[in-house]
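Student: I have a model open and want to test the labels people attach to it. Can we go through the reasoning?

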Amino acid sequence: MKFTVAELEREAVDFDESLVPGTIDFVDDMRQLDVVHTAGRADLLKEHRGPGEIVPDIRVRAALQTRMEVPCARCLEPVEQAIDTSFDLIFRPIGVDGEGADRSITTSETEIGYYEGDGLLLEDVLREQVLLALPAKTLCSEDCKGLCVECGRNRNTDPCDCAHAPADPRWSSLETIRSRVKP
Ligand SMILES: [Zn+2]
Ligand SMILES: [Zn+2]
């Protein structure tokens, strides 16, 4: 679904969409388990920047629900994540802010994005919002033992004989930091 400036010039667009898996392109290691349901409104905000200079910003406010499957950060087993979020975003025409305006959305400026050409694809907005809603690191359980660094087996379900194998260095450094910060 595309919101075009020409269409929004006439009137705001209310939408209520259920996007089946496959409509939005997610990276290979995650899977969409349910429809992405979204309902909200897109409208045009005319930013007056000076005499005769009006920037047509597209504002999208909506709620979003879906279920995703992402790999556990330690053992790589798929973990289901329910997403239920809402957003209120403003998209400017790409290039309007001068050099470097096409930078991706940074954490300090999450509310501003950019659109290219004559409008904005709802699918692109939803993809980004789903990714933002997912935790930075997903674990199947807090005490997931991860994969054995020696033989690669899943130590939660398939205990191996590599009893004296050193802990995964990636995690041991983290453990060290944790033990330092703990009171
Ligand atoms: Zn795990
Ligand atoms: Zn092992």
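Student: Why is Cys-75 called buried?

Tutor: This is a predicted model, and its Cys-75 has a relative accessibility of 4%. Buried means under 20%. The value falls under that limit, so Cys-75 counts as buried.

Student: What makes Cys-140 partly exposed?

Tutor: Its relative accessibility is 38%. The partly exposed class lies between the 20% and 50% limits, so Cys-140 belongs there.

Student: And why is Leu-76 called exposed?

Tutor: Leu-76 comes out at 54%. Exposed means over 50%, so the label holds. Leu-76 sits in the loop between strand 5 (53-71) and strand 6 (78-93). Its phi is near 70°, a positive value in a residue other than glycine.

Student: Which residues coordinate the zinc ion (ligand 1)?

Tutor: Cys-72, Cys-75, Cys-140 and Cys-144, each through SG, at 2.3 Å. A donor must be an N, O or S atom within 2.8 Å of this metal, so these sulfurs qualify.

Student: What makes the arrangement around the zinc ion (ligand 1) tetrahedral?

Tutor: The four donor atoms subtend angles of 104 to 115°. Four donors count as tetrahedral if all angles lie between 85 and 135 degrees. The range fits, so the arrangement is tetrahedral.

Student: How are the donor residues of the zinc ion (ligand 1) spaced in sequence?

Tutor: The pattern is C-x2-C-x64-C-x3-C.

Student: Why does the pair Cys-75 and Cys-140 tie together parts that are apart in sequence?

Tutor: Look at the loops. Cys-75 lies in the one between strand 5 and strand 6, Cys-140 in the one between helix 2 (122-133) and helix 3 (169-181), so the pair joins parts 65 residues apart.

Student: Which residues of the largest nonpolar core touch the most other members?

Tutor: Phe-3, Ile-58, Val-60, Phe-87, Phe-91, Leu-120 and Leu-126, in a core of 29 residues. Membership requires a buried residue of a listed type, joined through side-chain atoms within 4.5 Å. Strand 5 gives the largest share, six residues. A second, separate core of five residues includes Cys-72, Cys-75, Val-79 and Leu-139.

Student: What does Phe-3 touch?

Tutor: Leaving aside residues up to four places away in sequence, its contacts include Leu-8, Phe-15, Ile-58, Val-60 and Leu-120.

Student: How many helices and strands does the protein have?

Tutor: Three helices and eight strands. Along the sequence they run β-α-β-β-β-β-β-β-β-α-α. Of the 183 residues, 33% count as buried.

Conventions: Residues are numbered from 1 along each chain as its sequence is written. Chains are lettered from A and ligands numbered from 1 in the order in which they are written. This is a predicted model: local features need pLDDT of at least 70, side-chain atom pairs count only at pLDDT 80 or more; totals for chains, interfaces and linings use all residues. Side-chain values use heavy atoms; hydrogens and water are left out. Helices (H or I, at least four residues) and strands (E, at least two) are DSSP runs, numbered from the N terminus. Buried means under 20% relative accessible area, exposed over 50%, partly exposed in between (1.4 Å probe, protein chains only). Donors are N, O and S atoms within 2.8 Å of the metal (3.2 Å for Na, K and Ca); water is not among the atoms, so sites may look incomplete. Four donors count as tetrahedral if all angles lie between 85 and 135 degrees; four count as square planar and six as octahedral if opposite donors are over 155 degrees apart and all others between 65 and 115; anything else is irregular. Contact means heavy atoms within 4.5 Å.
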